[in-house]
Amino acid sequence: MTELEKGPRGQRRGRGARERILSASQQLFREQGINGTGMDQLCAVAEVSKRTLYQHFSGKDDLIAEGLRRFDPGILPEVFDRTDLTPRERLLAVFDIHAPLCPFIAAAVEIQDPGHPARVLARDYKKAFAARLTDAAREAGAANPEQLGEQLALLLDGASARSRVLNTEAFTTAAAIAVVLVDNAIPTAAAPAPASAGASAVE
């Protein structure tokens with residue numbers, strides 16, 4: 001049975017307070033930034049008292065870190081764990097997921113302290129994401145998989161940031177660049193298909 005909790009006005013809710021707080025924080029951080037979100041506003045959107053919020057989280061820093069932990073713990077398993085795609089196809093499929101500004105980039109931009117838990121999580125995530133790209137590049141037969149993984153990771157982050165700054169869609173262009181990078185790193189992947197048996201040869 002779903003846990004029922006009381007909101008600030010004594011209203012019983014069908015969703016746990018902790019999940020409502022996390023959901024509200026992720027929404028507000030995404031829409032107006034971490035620094036632009038106050039705890040009073042967060043409590044109002046989550047429909048909890050401040051006392052309830054602090055029973056679940058020690059403060060905003062704890063909320064930021066927990067939101068990042070939950071964002072993509074498996075490092076894009078819907079792409080990297082697909083067995084119906086070749087390694088090369090997985091490298092390019094990451095550009096088909098058009099997400100808003102990466103929350104790890106957003107947190108790193110807003111939080112100055114490099115030792116802040118959110119900054120540490122962002123750094124670890126970006127390294128892990130590049131590692132998954134590198135693994136797929138290695139499986140695809142790239143001559144220098146580490147280089148290709150870093151290039152694609154940089155391209156993805158750049159597309160995410162540029163989409164946000166210009167309020168436009170940059171992933172289509174990034175995907176086209178990715179094809180060139182992948183084909184240059186894995187020449188055999190770009191080789192034309194063999195001619196059909198019925199085709200006449202041109203001397």
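E47 sits in the loop between α2 (39-46) and α3 (50-56). In this predicted model, the phi of E47 is near 60 degrees, a positive value in a residue other than glycine. E47 has a relative accessibility of 25%, so it counts as partly exposed; the cut-off for buried is under 20%, and that for exposed is over 50%.

A second residue can be read in the same manner. N167 is placed in the loop between α9 and α10, just after the end of α9. Its phi is near 55 degrees, again a positive value in a residue other than glycine. N167 has 72% relative accessibility and therefore counts as exposed. A positive phi is also found at G33, which follows α1 and has a phi near 90 degrees.

These loops belong to a chain with 10 helices and 2 strands. Along the sequence, the pattern is β-β-α-α-α-α-α-α-α-α-α-α. Of the 203 residues in the protein chain, 38% are buried. Among the contacts with a separation of 6 or more, 56% join residues that are 24 or more positions apart.

Now take the helices one by one, starting with α1. Helix α1 covers residues 17-32. Its 16 residues should span 22 Å at 1.5 Å a residue, and the end C-alpha atoms are 22 Å apart, which agrees. The buried residues of α1 are A17, R20, I21, L22, A24, S25, L28 and F29.

Which helix crosses α1 at roughly 90 degrees? The partner is helix α4 (residues 60-71), and the two axes come within 10 Å. The crossing angle makes α1 roughly perpendicular to α4. On the α1 side, the residues that meet α4 are R18, E19, I21, L22, S25, Q26 and F29. They meet K60, L63, I64, E66, G67 and R70 of α4. Several names occur in both lists for α1: I21, L22, S25 and F29 are buried and also meet α4.

The next pair is α7 and α8. Two packed helices are described by the angle between their axes and the distance between the axes. For helix α7 (residues 103-110) and α8, the angle is about 140 degrees and the axes are 9 Å apart. Angles over 145 degrees would count as roughly antiparallel; α7 and α8 are therefore oblique to each other. Their crossing is left-handed. The contact is made by F104, I105, A107 and A108 of α7, together with A118, R119, L121, A122, Y125 and K126 of α8.

Further along α8 is T134. Is T134 buried or exposed? Its relative accessibility is 10%, so T134 counts as buried. Leaving aside neighbours within four places in sequence, T134 is in contact with P145, E146 and G149. P145 and G149 are among the buried residues of α9, which is the helix to look at next.

Helix α9 (residues 145-166) has 22 residues. From its first C-alpha to its last it reaches 31 Å, close to the 32 Å expected at 1.5 Å a residue. Its buried residues are P145, L148, G149, L152, A153, L155, L156, A159, S160 and S163. Seen down the axis of α9, these buried residues fall within an arc of 160 degrees, so they line one face of the helix. An α-helix has 3.6 residues a turn, so residues three or four places apart point the same way. On the other side of α9, L154, R162 and V165 are exposed. What covers the buried residues of α9 includes α6 (87-93), α8 (117-140) and α10 (171-185).

How do α9 and α10 lie against each other, and at what angle? They pack at about 170 degrees, with their axes 10 Å apart. That makes α9 roughly antiparallel to α10. In α9, the residues that take part are L148, Q151, L152, L155, L156, A159, S160 and S163. They meet F171, A174, I177, A178, L181, V182 and A185 in α10.

One more residue of α10 is T173. With 52% relative accessibility, T173 counts as exposed, since the cut-off is over 50%. T173 and F95 are 78 residues apart in sequence, and their C-alpha atoms are 9.6 Å apart in space.

Definitions and conventions: Residues are numbered from 1 along each chain as its sequence is written. This is a predicted model: local features need pLDDT of at least 70, side-chain atom pairs count only at pLDDT 80 or more; totals for chains, interfaces and linings use all residues. Side-chain values use heavy atoms; hydrogens and water are left out. Helices (H or I, at least four residues) and strands (E, at least two) are DSSP runs, numbered from the N terminus. The expected span of a helix is 1.5 Å times one less than its number of residues. Buried means under 20% relative accessible area, exposed over 50%, partly exposed in between (1.4 Å probe, protein chains only). The arc is that of the directions from the helix axis to the C-beta atoms. Contact means heavy atoms within 4.5 Å. Axes are lines fitted to C-alpha atoms, for helices over the stretch in contact, and angles run from 0 to 180 degrees between N-to-C directions. Angles under 35 degrees count as roughly parallel, over 145 as roughly antiparallel, 65 to 115 as roughly perpendicular and the rest as oblique. A crossing is left-handed if the near helix is turned anticlockwise from the far one by less than a right angle, and right-handed if clockwise.
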